[in-house]
Amino acid sequence: QVQLVESGGGLVQAGGSLRLSCAASGRTFSSVLMGWFRLALGKEREFVAAISRNGGNTNYADSMKGRFTISRDNAKNTVYLQMNSLKPEDTAVYYCAAKYAPLTTTHAVAVNEGDYGYWGQGTQVIVSS
């Protein structure tokens, strides 16, 4: 089991920044692939970013490249999502997700929602125009 708790969401003006955090517990964090997804009103949940077990490899959805940065601190069992140049269309509930994958290579990432078995409760991000 992996328990995930997100924080850092809120209301921000367009062009502003937020940093989301996701604290994990329950498994050796360095054995867990991590990702961020988001769910906007009227849309399906979509992939945002993913990071490998050692943090050395990342992957982003095209619309987030250059604006969002995913990182992790394995000593703190935490993954982060730094979001810059926010747009109103970034408004959504952001979820972190975990995949327990101790046997994968250290550079593997997971980008599909179905890859992940553990999810946080979500944190709301609202970007005003």
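**Disulfide, core and aromatic contacts**

Cysteine 22 and cysteine 96 are joined by a disulfide, with an S to S distance of 1.9 Å. The model here is a predicted one, and the disulfide count in it comes to one. The bond ties together distant parts of the chain: cysteine 22 belongs to strand E3 and cysteine 96 to strand E9, 74 residues apart. As for handedness, the torsion about the S-S bond of cysteine 22 and cysteine 96 is about 45°, so this disulfide is right-handed. Both cysteine 22 and cysteine 96 are buried.

Next comes the nonpolar core. The largest one has 38 residues, and those with the most contacts inside it are Met34, Trp36, Leu81, Met83 and Tyr94. Quite a few strands chip in: two or more residues each come from E3 (18-25), E4, E5 (46-51), E7 (68-73), E8 (78-83), E9 and E11 (123-128). Strands E3 and E9, then, turn up on this list as well as at the two ends of the disulfide.

Turning to the aromatics, the structure holds four aromatic pairs. In one of them, the ring centres of phenylalanine 37 and tyrosine 116 lie 5.5 Å apart with the planes at 80°, so the two rings meet edge-to-face. This pair, too, bridges distant parts of the chain: phenylalanine 37 is in strand E4 (residues 32-39), while tyrosine 116 is in the loop between strand E9 (92-100) and strand E10 (118-119), 79 residues apart. Phenylalanine 37 and tyrosine 116 are both buried.

Tyrosine 116 also pairs with tryptophan 119; here the centres are 6.2 Å apart and the planes are at 65°, so this pair is edge-to-face as well. The two partners differ in exposure. Tyrosine 116 has 6% relative accessibility and therefore counts as buried, whereas tryptophan 119, at 26%, counts as partly exposed because buried means under 20% and exposed over 50%. Taken together, ring pairs link Phe37, Phe47, Tyr116 and Trp119 into a cluster.

Aromatic rings also face charged groups. The charged end of arginine 27 sits over the ring of tyrosine 100, 4.1 Å from the ring centre. A second such contact involves arginine 72, whose charged end sits over the ring of phenylalanine 29 at 4.3 Å from the centre.

Key: Residues numbered from 1 in each chain as written. Predicted model: local features only at pLDDT ≥ 70, side-chain atom pairs only at ≥ 80, totals over all residues. Heavy atoms only, no water. Phe/Tyr/Trp six-rings, centres within 6.5 Å; stacked < 30°, edge-to-face > 60°. Helix = DSSP H or I, 4+ residues; strand = E, 2+ residues; numbered from the N terminus. Buried < 20%, exposed > 50% of the residue type's maximum accessible area, 1.4 Å probe, protein only. Lys NZ or Arg CZ within 6 Å of the ring centre and 35° of its normal. Core = buried A, V, L, I, M, F, W, Y, C linked by side-chain atoms within 4.5 Å. Disulfide = S-S within 2.5 Å.
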